[in-house]
Amino acid sequence: MQQKSKLFLQALKYSIPHLGKCMQKQHVNHCNFADHYYSRIKLKKYHPTKCLQNKPRISELARNIPSRNFSCKEFLPIKQENKKSLSENMDAFEKVRTKLETQPQEEYEIINAEIKHGGFVYYQEGCCLVRSKDEEADNDNYEVLFNLEELKLEQPFIDCIRVAPDEKYVAAKIRTEDSEASTCVVVKLSDQPVMEASFPNVSSFEWVKDEEDEDVLFYTFQRNLRCHDVYRATFGDNRRNERFYTEKDPSFFVFLYLTKDSRFLTMNIMNKTTSEVWLIDGMSPWDPPVLIQKRIHGVLYYVEHRDDELYILTNVGEPTEFKLPPWACGFIMDTNSDPKNCPFQLCSPIRPPKYYTYKFSEGKLFEETGHEDPITKTSRVLRIEAKSKDGKLVPMTIFHKMDSEDLQKKPLLVHVYGAYGMDLKMNFRPERRVLVDDGWILAYCHVRGGGELGLQWHADGRLTKKLNGLADLEACIKTLHGQGFSQPSLTTLTAFSAGGVLVGALCNSNPELLRAVTLEAPFLDVLNTMMDTTLPLTLEELEEWGNPSSDEKHKNYIKRYCPYQNIKPKHFPSIHITAYENDERVPLKGIVNYTEKLKEAIVEHAKGTGEGYQAPNIILDIQPGGNHVIEDSHKKITAQIKFLYEELGLDSTSVFENLKKYLKF
């Protein structure tokens, strides 16, 4: 017991104080508590994992739906109730692929939240929360648990589902496309399911069960995009709802995560660079939580548990360069041990795809391997590296049709993000599929500021290094052209949210590289936004952009790249901007001001040109609603594609016919 206590103390590092900000206050002696803790849960040891690249994905952290306010939806691996062998997973994959290839494409729909628990699958069918037996999940034989129309919301959908341990209750987070506000409903499972309770503005939520087999729901409350409060609730005869924790630092937010084995609920308190984790015992949720490591500026860590062992993933110490392949979806392991001994299963049953891999060095391409896309078998995937101005190699991922010829004459759509340590999203989208089928080249530039190459890749593109991301983007586009992928007159660029910073900056510095640009809810007025501390997320963003209000160095640096601050009379590419009327993350005012200033600069530039000058088209499409980015908006998708085809002078007949196969207009 003494040895175990010593190991656990090394993990805690600091004495356990009483939770001054929690509702339940109790002083705990450090050594005695460790002994008590081990005797109760028989925790063997912890594994500190020093790894910069093998990190969970942060999904709602920044100025977009998958970034600014934190959600655990993609942050850590999806729970898997039933472990299957690799061969079974392969069979499942082949069945899915066969179904995708044979079903009428008109039936394609975006699949919402789904979770397996026990012998059931819980999911959304139409406007209802339903469940069906696992083996009948592909049939129409399901049980209706709750009708979403009872909430009287406009086109509601289920964003997340959590089932109580012994399936007495199910909780579902429900929201709409035109708002980020969400409602968590709790349904009692019985012969006649009934809604037991509902809670507004819930972000993350998880179930645990106490010593008396009572289900306890922990959830975070979001106010003005800030998650600072944690509540816990019980239902039935012993009904209660109480605040459990409040975070006082406005630059931090709180989210909940249940370890993969459901043994502990972790309360994660973090900002962009610093984290603090408290463990809530999944068997004794009324006991005080245990602090793993007090927050230290610049120290990020995450906690998992398996077989009485804690696995701690952290950026402290010498980094181990380990990058998960994209099909692995994320698992946590001690990188000093043999990967074969990794205690966690891969989350995706999909086999690893092989890629055509090109590396760019000294103006030449070399090292090519791989085969076609594993799903469609019609597109080619390439990996290229561009050399930035400081010599840094920047990776790109490129898709185009297998049978495409003379790529220099093909239209090119470049994607970029480069902020918050987030990987650039390359998930399947029907509009991307139809563009590739219509001969487009899609290029994804993994510039600094993103997370593709670890925490240092992010650090090299934030604060007073933000211009590195701009240099990377410029190098990527020039490399594409130099290697025969399209040309400036056929090159378009797209981004959303914080990705708009780099796109707007490139339009100011090198507009001749582009013909047209599409932006959605773009962040374009960095300086004025970061100087306004009354905005919901400005304080939370200081670690990414800097503090121009109090730091003159930060202020002057932001002025160098801020899209709004650097607009001058010149020729710009045509730009289509989609904005949302009540967007709390990127205020509409900044986008409108940018658009007006840009139009004025274009008019001023036109005065000094000849009669034949064709001014670029600047379109601002303001949509109603309070959401930030509406990924599946058919209206937005069609408007952007129409804009790109018109600007490049291309016939859009076939692309819209193909798009109708996927989207229900």
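Two strands count as paired if DSSP finds at least two bridges between them. Keep that in mind for the tour, and remember that this is a predicted model.

**Stop 1: the sheet S14-S15-S16-S17**

Select Leu 256 and look across to strand S15, where Met 267 stands opposite. The two strands here, S14 and S15 (residues 264-270), run antiparallel and are joined by six bridges. Now widen the selection to the open sheet of four strands, in the order S14-S15-S16-S17, with antiparallel pairing. Which strands stand at the edges? They are S14 (253-258) and S17 (290-293); each has a single partner strand, so one side of each is left without a neighbour in the sheet. Look along the sheet and you will find a twist that averages 25° from one strand to the next. While you have the side chains on display, recall that in a regular strand they alternate between the two faces of the sheet.

**Stop 2: the sheet S10-S11-S12-S13**

Next, bring up another open sheet, whose four strands follow the order S10-S11-S12-S13 with antiparallel pairing. At its edges stand S10 (202-209) and S13 (240-246), each with a single partner strand, so one side of each has no neighbour in the sheet. The twist in this sheet averages 25° from one strand to the next. Move to its S11 and S12 strands: S11 (residues 215-223) runs antiparallel to S12 (residues 226-234), and seven bridges join them. To find your place in this pairing, pick Gln 222, which stands opposite Cys 227 in S12.

**Stop 3: charged pairs**

Side chains of opposite charge can pair when their charged atoms come close. The model holds 29 salt bridges, and a few are worth a visit.

Stay with the S10-S11-S12-S13 sheet and select Glu 242 and Arg 232, whose side chains meet in a salt bridge (2.7 Å, N to O). Glu 242 lies in strand S13 and Arg 232 in strand S12, so this pair ties together parts that are ten residues apart in sequence. Are the two partners buried or exposed? Arg 232 counts as buried, because its relative accessibility of 4% falls under the 20% cut-off. Glu 242 is partly exposed, with a relative accessible area of 25%.

Then select Arg 295 and Glu 247, which form a salt bridge with their closest N and O atoms 3.0 Å apart. This one links distant parts of the chain: Arg 295 sits in the loop between S17 and strand S18 (301-306), while Glu 247 is in the loop between S13 and S14, 48 residues apart. Arg 295 is partly exposed at 22% relative accessible area, whereas Glu 247 is buried at 3%.

Your third pair is Arg 448 and Asp 472, with side chains that meet in a salt bridge (2.8 Å, N to O). Arg 448 is in the loop between strand S26 (441-445) and helix H5 (455-459), and Asp 472 is in helix H6, 24 residues apart. Arg 448 and Asp 472 are buried. For a network, select Asp 166, Lys 209 and Asp 213, which are joined by salt bridges that share partners.

**Stop 4: helices H6 and H7**

Asp 472 has already brought you to H6, so show this helix together with H7 (residues 499-509). H6 and H7 pack at an angle of about 65°, with their axes 10 Å apart. That makes H6 roughly perpendicular to H7, and the crossing is right-handed. To see the interface, display H6 residues including Leu 470, Leu 473 and Ile 477; the H7 residues they meet are among Leu 502, Ala 505, Leu 506 and Ser 509.

Now slide along H6 (residues 466-482) to His 481. This histidine counts as buried, at 14% relative accessibility. Which residues does His 481 touch, leaving out those up to four places away in sequence? They are Leu 412, Ser 486, Gln 487, Pro 488, Thr 491 and Leu 513.

**Stop 5: strands S3, S4 and S5**

Finish at strand S4 (residues 128-133), which is mostly covered, with five of its six residues buried. S4 runs antiparallel to strand S3 (residues 120-125), joined by six bridges; select Phe 120 to see it opposite Lys 133 in S4. The hairpin of S3 and S4 has two residues between the strands, and there Gly 126 takes a positive phi near 65°. S4 also pairs with strand S5 (residues 143-147), in the antiparallel sense over four bridges. Your last selection is Cys 128, whose bridge partner in S5 is Asn 147.

Note on methods
Residues numbered from 1 in each chain as written. Predicted model: local features only at pLDDT ≥ 70, side-chain atom pairs only at ≥ 80, totals over all residues. Heavy atoms only, no water. Buried < 20%, exposed > 50% of the residue type's maximum accessible area, 1.4 Å probe, protein only. Contact = heavy atoms within 4.5 Å. Axes fitted to C-alpha atoms, helices over the stretch in contact; angles between N-to-C directions. Salt bridge = Lys/Arg side-chain N within 4 Å of Asp/Glu carboxyl O. Parallel < 35°, antiparallel > 145°, perpendicular 65-115°, else oblique. Left-handed = near helix turned anticlockwise from the far one by under 90°.
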